[in-house]
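Here are three short exercises to work through with the model open beside you. Try each task before reading its solution.

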Amino acid sequence: MNIAVFTNSIDPIFLEATYQKPLFVIVQKGTDLETFTKINFQKDKIIAMDKADIKSSIKTNSFAKVLKKNDIKYLFVPHRTSEEIDKWCKKNNIKPLVTTLKQQKELENKLYFDKLLKKNKILSPKTFKTDKSTIKKIQKTCVLQEAGSFGMFGTKFCKNGQELTDALKPYETQRKNLILREYLDGMSIGVSIFMDKDKNYFF
């Protein structure tokens, strides 16, 4: 079972030597990462390419041939998948190692994820309704987000009810796709959740 991984996803690079045996590393030629890879991996396990990111790689005819030549059946997809990546993998009989597109969309949907946290009694910011009577009562900073947004896109910070009213104007017919939460002061951190059949691992 041979697996290919891009070095721009650093997660699997620190696996123990036993687990690195089936691992092939895809790296961009002439970069510091290539130097790092040559120090930490066997020469025959390194695939050096002109561009070593998944979006660029699947657009080249040579990428699928390289994987087939090395009997690679699994591809570690960094960060997140897409319909384009899924189609390419299916066409070339490659199994993508990544959260499925359906699960990804669910977990990235802030309304779904908020319900998931509350269902499992995991601490999460307080949420508010977006009706006019509730908004008038809000006198503290809150966070308005589009349910399907990621990163900081689709996120607005509102200090009071008036700012919130103004921020909601473009969404008069789309409020069901919004989530409104209290603003929590402090350091902002992101958490990746890794799950297997037996346990949940938080990283």
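**Exercise 1: a lysine in a loop**

K45 lies in the loop that joins α2 (32-40) to β3 (46-49). Keep in mind that this is a predicted model.

Task: decide whether K45 is buried or exposed, and find which side chain of opposite charge is nearest.

Solution. Start with the surroundings: leaving out residues up to four places away in sequence, K45 touches K21, P22, L23, F24 and V25. Next, K45 is buried. Then look for a partner: the nearest side chain of opposite charge is D44, 5.9 Å away. A salt bridge needs the two groups within 4 Å, and K45 has none.

**Exercise 2: counting disulfides**

Task: work out how many disulfides the structure holds, using C142 as a worked case.

Solution. Begin with the cut-off: the two sulfur atoms must be within 2.5 Å. For C142, the closest cysteine sulfur belongs to C158 and is 5.2 Å away, so the pair is too far apart for a bond. The total for the structure is zero disulfides. As for accessibility, C142 is buried at 1% relative accessibility, and C89 is buried at 1%.

**Exercise 3: positive phi**

Task: find where D71 and N93 sit, and what their phi values are.

Solution. First, the background: most residues other than glycine have a negative phi. D71, not a glycine, has a positive phi of about 55°; this residue sits in the loop between α4 (61-69) and β4 (72-76) and is partly exposed at 44% relative accessibility. N93, also not a glycine, has a positive phi near 55°. N93 belongs to the loop between α5 (83-91) and β5 (95-97) and is exposed, with a relative accessible area of 60%.

Terms used: Residues are numbered from 1 along each chain as its sequence is written. This is a predicted model: local features need pLDDT of at least 70, side-chain atom pairs count only at pLDDT 80 or more; totals for chains, interfaces and linings use all residues. Side-chain values use heavy atoms; hydrogens and water are left out. Helices (H or I, at least four residues) and strands (E, at least two) are DSSP runs, numbered from the N terminus. Buried means under 20% relative accessible area, exposed over 50%, partly exposed in between (1.4 Å probe, protein chains only). Lys and Arg count as positive and Asp and Glu as negative; His and the chain ends are not counted. Contact means heavy atoms within 4.5 Å.
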